[in-house]
Protein chains: 2
Amino acid sequence: MTGSLVVVGTGPGNPEQMTPEAAAAIAAAEDFFGYFPYLDRLSLRHDQRRHASDNREELARAREALAMAAAGGKVCVVSGGDPGVFAMAAAVCEALEAGPEEWRDIDLTIIPGVTAMLAVAAKAGAPLGHDFCAISLSTNLKPWHVIEERIVAAAKAGFVMAFYNPISKARPNQLGAAFDLLRHHLPPSVPVIFGRAAGRPDEAIRTVSLADAAPEMADMATCIIVGTSETRVIERGGKQPLVYSPRSYRGGSA
Amino acid sequence: MTGSLVVVGTGPGNPEQMTPEAAAAIAAAEDFFGYFPYLDRLSLRHDQRRHASDNREELARAREALAMAAAGGKVCVVSGGDPGVFAMAAAVCEALEAGPEEWRDIDLTIIPGVTAMLAVAAKAGAPLGHDFCAISLSTNLKPWHVIEERIVAAAKAGFVMAFYNPISKARPNQLGAAFDLLRHHLPPSVPVIFGRAAGRPDEAIRTVSLADAAPEMADMATCIIVGTSETRVIERGGKQPLVYSPRSYRGGSA
């Protein structure tokens with residue numbers, strides 16, 4: 001008997017930012033697979049089983065979850081943010097395609113969530129208010145030269161950029177290299193937002209100019225938004241500045 | 001006395017996809033500004049006042065909302081999806097910057113939501129599983145040549161693309177032109193997803209190849225996701241195919 005697999009986006013980490021649809025899917029599942037801090041955020045019942053794993057084990061985790069669903073389980077794969085943005089949905093699809101034919105019969109549902117860049121943008125103002133792109137800076141899954149080419153293409157074409165997976169202990173160097181590259185293609189005044197743990201108690205949102213942006217301002221839990229030459233900063237006395245990218249193209253060079 | 005302004009993302013339209021944070025902000029506000037179909041989706045109380053307006057009136061709506069908040073109101077500006085993605089947050093920031101100094105004292109909060117591309121991607125599989133960009137095809141706020149340049153840059157650099165505002169009665173031609181342009185830069189087999197009203201009762205998700213993609217497949221309420229040459233389609237017998245973009249770069253040309 002084939003069971004079900006639901007891949008759930010739990011949002012940025014604040015339970016108030018998880019959709020009722022995601023909460024209902026979690027309540028209905030019996031076995032939970034995910035990176036352990038994401039599972040820790042859930043209030044699971046005693047009859048719900050945890051199968052926590054480390055990050056960088058996405059494909060193995062996806063296979064285990066699919067196998068259990070194929071055997072009749074009611075399985076939930078838990079992602080932070082949105083499962084479709086640098087998270088578990090693609091890993092599940094990849095494992096499913098490479099796996100046994102019967103995995104295609106599994107009742108598979110993917111439930112969207114608020115991804116980090118949206119939560120960070122909301123705290124800062126509206127930096128994603130114009131055309132934008134999302135780039136993972138991790139070299140675990142693609143070579144650095146491809147990341148460089150995409151950053152340059154995005155800067156030249158006038159896209160705001162959101163960087164996911166900007167830095168980690170194993171990859172301390174990409175973020176600084178990305179800022180150096182950007183300084184060749186964008187004015188030094190371009191705003192850069194470092195959004196850490198948006199919506200959680202340890203939230204920290206900081207905006208600096210590209211000239212001052214440094215990799216030490218980020219950690220694994222940071223999503224970074226780089227504006228364009230058209231992105232504006234509104235100072236507001238005692239309040240945090242508002243950063244936004246105007247909806248209209250004003251004809252400046254990127 | 002300065003009041004408050006909250007800009008709320010109500011998600012794709014299904015109440016189950018609106019966050020508790022957004023629902024609480026709506027419950028706490030007294031005056032509601034927004035495009036009328038978005039206001040129609042809310043279950044407002046009798047003591048909550050509606051100020052509905054047409055689309056394409058974003059800046060005027062933002063000014064009215066800010067003026068009421070500056071006069072002490074508890075004001076809510078309602079967006080579909082996420083307010084920061086081609087929606088009201090940038091219009092509010094723009095109006096605030098151009099407005100009277102005292103508007104900067106307004107207690108302004110922006111509440112993120114699930115934006116259309118995430119809801120459509122979840123229904124299709126994981127097409128946004130690799131680096132991606134979001135482009136508004138509307139020429140109301142930027143010239144067509146800029147849109148063309150961005151589409152070509154994104155295709156050449158290997159970004160998956162999500163098109164917002166793809167077509168309307170007043171702008172019937174951009175989407176067909178975008179597909180024609182893409183056919184010069186991407187293989188004809190690249191999957192194109194037309195996601196209409198994802199999560200709502202009238203939802204329609206359809207995947208075709210770029211060769212077959214046609215503007216008649218979309219309307220104003222459609223978000224379109226264009227894959228890359230690496231995006232995969234998994235056939236599943238009676239079920240809808242799964243479309244996903246692998247997390248790893250496999251070295252193909254874009």
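**Group meeting: the A–B interface and the two domains of chain A**

Okay, so across the interface of chain A and chain B the rule picks out 28 residue pairs in polar contact, both at pLDDT 80 or more. Polar contact here is a pair of N or O atoms within 3.5 Å; within protein, one has to be able to donate a hydrogen and the other to accept it, and residues adjacent in sequence count only if both atoms are side-chain atoms.

Quick housekeeping: this is a predicted model, with local features needing pLDDT of at least 70 and side-chain atom pairs pLDDT 80 or more, while totals for chains, interfaces and linings use all residues. Side-chain values use heavy atoms, without hydrogens and water, residues are numbered from 1 along each chain as its sequence is written, and chains are lettered from A and ligands numbered from 1 in the order in which they are written.

Back to the interface. Chain A puts 69 residues into the contact, and chain B puts in 69 residues; contact means heavy atoms within 4.5 Å. About 5900 Å² is buried between chain A and chain B, with carbon and sulfur atoms giving 60%. That's the accessible area (1.4 Å probe) that two parts lose on being put together, summed over both.

What about salt bridges? Twelve turn up between chain A and chain B, taking a side-chain nitrogen of Lys or Arg within 4 Å of a carboxyl oxygen of Asp or Glu. One of them is A:Arg150 with B:Asp131, at 2.7 Å, N to O. On the side of chain A that touches chain B, helix α4 (residues 88–98) gives the most, with seven residues. Helices are DSSP runs of H or I, at least four residues, and strands are runs of E, at least two, numbered from the N terminus.

There's strand pairing across the chains too: β7 (residues 132–136) of chain A runs antiparallel to β7 (residues 132–136) of chain B, over three bridges. Pairing needs at least two DSSP bridges between the strands. A:Ala134 sits opposite B:Phe132.

Now, inside chain A. An automatic or database assignment sets the domain bounds, giving domain 1 (4–114) and domain 2 (117–244). Their C-alpha centres are 28 Å apart. These two domains bury about 840 Å² between them, 61% of it on carbon and sulfur atoms. A:Pro12, A:Arg56 and A:Phe86 supply 52% of what domain 1 buries there, more than any other three residues. And how many salt bridges between the domains? Zero, though there are two residue pairs in polar contact, both at pLDDT 80 or more.
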